[in-house]
Every structure is written in C-alpha cells, then in structure tokens.
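Thanks for coming. I will take a few minutes to walk through one structure, starting with the whole chain and then going into the parts.

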Amino acid sequence: MSWMIHNLYISKLFLYIIAMKELSVTEAREQFPALLNQAAKKPVWITRHGVDVAVVISPELFETLVEAQEELEDIAAVDAAMLDKSPKIPWAQVKKDLKLD
C-alpha cells in the first residue's frame with residue numbers, strides 16, 4: 001500500500017511542477033513582486049547562468065510538501081516495524097504499563 005501512496009504524492013507533485021515558470025536571478029530581482037504573485041499559483045524556478053539555485057513556492061505548497069514527506073516517513077517507519085522480527089509487546093501490557101486501564 002505504501003508504494004501506492006508514494007506514487008500518488010509523486011504524481012501530484014510532478015503534475016504541479018511541470019507547469020513551473022523559470023526565471024534567471026536577474027529577472028527574478030527585476031520582477032520580484034510579480035515573482036511572488038506567480039509563486040502563489042505555481043513554483044518559480046530561479047537559475048543563475050543556467051544552473052538551478054532556488055525555487056520559490058507558496059506557503060501552502062511548502063506545508064503540503066512537508067506533510068507529504070512526514071507521511072512518507074511514517075509509512076516507511078510502519079513498514080520497517082512490520083518487518084521487525086523481534087518480540088512484540090502485547091497491547092494489554094502497553095495499556096497496563098501506561099496506566100491506561
């Protein structure tokens with residue numbers, strides 16, 4: 001299941017990124033207010049002498065990317081735990097130890 005979620009995130013991100021705008025550092029400096037307006041809608045890639053140096057994105061996209069990364073890390077942790085063959089602690093024991101009963 002985790003590969004499916006991972007692929008959905010990658011697909012969504014890919015579709016979003018292919019519509020990106022690219023500006024040189026000079027253009028970005030000259031068009032900074034417009035750059036911020038564009039970044040609110042889609043990422044803006046900044047290059048210097050043809051080399052990628054930055055990407056300007058909206059706070060909402062940043063949060064979405066951080067949440068997606070955290071979700072993928074959680075999925076990887078669950079997958080690793082499922083593969084762990086060491087002895088497990090029964091749920092009843094966990095509740096007792098934590099005084100949840």
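**The chain as a whole**

The accessible surface of this chain comes to about 8,100 Å², and carbon and sulfur atoms account for 63% of that. Please keep in mind that this is a predicted model. The chain has 101 residues, and 14% of them are buried. As for contacts, take those between residues at least 6 apart in sequence: 27% of them join residues at least 24 apart.

On to secondary structure. The chain holds five helices and three strands. Read from the N terminus, the elements go α-β-α-α-β-β-α-α.

**The sheet**

How are the three strands arranged? They make an open sheet in the order E1-E2-E3, and the pairing is mixed. Strand E1, residues 21-24, and strand E3, residues 51-56, are at the edges; each has a single partner strand, so one side of each has no neighbour in the sheet. On average, neighbouring strands here are turned by 30° against each other, if direction is ignored.

Now the two pairings, one at a time. E1 pairs with strand E2, residues 44-48, in the parallel sense, over four bridges. One residue pair to look at there is glutamate 22, whose bridge partner in E2 is tryptophan 45.

The pairing of E2 with E3 is antiparallel and runs over five bridges. On that side, arginine 48 has valine 51 in E3 as its bridge partner.

E2 and E3 also form a hairpin, with two residues between them. Histidine 49 is in that loop. Its phi is near 55°, which is a positive value in a residue other than glycine. Is histidine 49 buried or exposed? Histidine 49 has a relative accessible area of 80%, and the cut-off for exposed is over 50%, so histidine 49 counts as exposed.

One helix belongs in this part of the talk. Helix H3, residues 32-41, lies across E1, E2 and E3, and runs at about 135° to E2.

**Three residues around the sheet**

Let me go through a few positions in more detail, beginning with lysine 21. Lysine 21 is in strand E1. Its relative accessibility is 32%, so lysine 21 counts as partly exposed. Which residues does lysine 21 contact, leaving aside its neighbours within four places in sequence? They are Gln38, Pro43, Val44 and Trp45. There is also a distance to note: lysine 21 and leucine 35 are 14 residues apart along the chain, and their C-alpha atoms are separated by 9.3 Å.

The second position is threonine 47, in strand E2. Its relative accessibility is 7%, and buried means under 20%, so threonine 47 counts as buried. Again leaving aside neighbours within four places in sequence, threonine 47 is in contact with Glu22, Leu23, Ser24, Val25, Asp52 and Val53.

The third is threonine 26, which is placed in helix H2, residues 25-30. At 41% relative accessibility, threonine 26 is partly exposed. Threonine 26 and threonine 47 are 21 residues apart in sequence, and from C-alpha to C-alpha they are 9.0 Å apart in space.

**After the last helix**

Finally, the end of the chain. Leucine 98 is in the segment after helix H5, which spans residues 91-97. Leucine 98 has a relative accessible area of 55%, so with the cut-off at over 50% leucine 98 counts as exposed. What does leucine 98 form together with Trp91 and Leu100? These residues make a nonpolar patch on the surface, with about 380 Å² of accessible area together.

Lysine 99 is also placed in the segment after H5. Lysine 99 has a positive phi of about 55°, although it is not a glycine. Lysine 99 is exposed, with a relative accessible area of 72%.

**To recap**

The sheet is open and has three strands in the order E1-E2-E3. E1 and E2 pair in the parallel sense, while E2 and E3 pair in the antiparallel sense. Helix H3 lies across E1, E2 and E3. At the end of the chain, Trp91, Leu98 and Leu100 form the nonpolar surface patch.

That is what I have. I can take questions now.

Technical notes:
Residues numbered from 1 in each chain as written. Predicted model: local features only at pLDDT ≥ 70, side-chain atom pairs only at ≥ 80, totals over all residues. Heavy atoms only, no water. Patch = residues over 30% accessible without salt bridge, like charges linked within 9 Å, V, L, I, M, F, W, Y side chains within 5 Å. Areas by Shrake-Rupley, 256 points an atom, 1.4 Å probe, with all protein chains shown as cover. Salt bridge = Lys/Arg side-chain N within 4 Å of Asp/Glu carboxyl O. Buried < 20%, exposed > 50% of the residue type's maximum accessible area, 1.4 Å probe, protein only. Pairing = 2+ DSSP bridges. Axes fitted to C-alpha atoms, helices over the stretch in contact; angles between N-to-C directions. Contact = heavy atoms within 4.5 Å.
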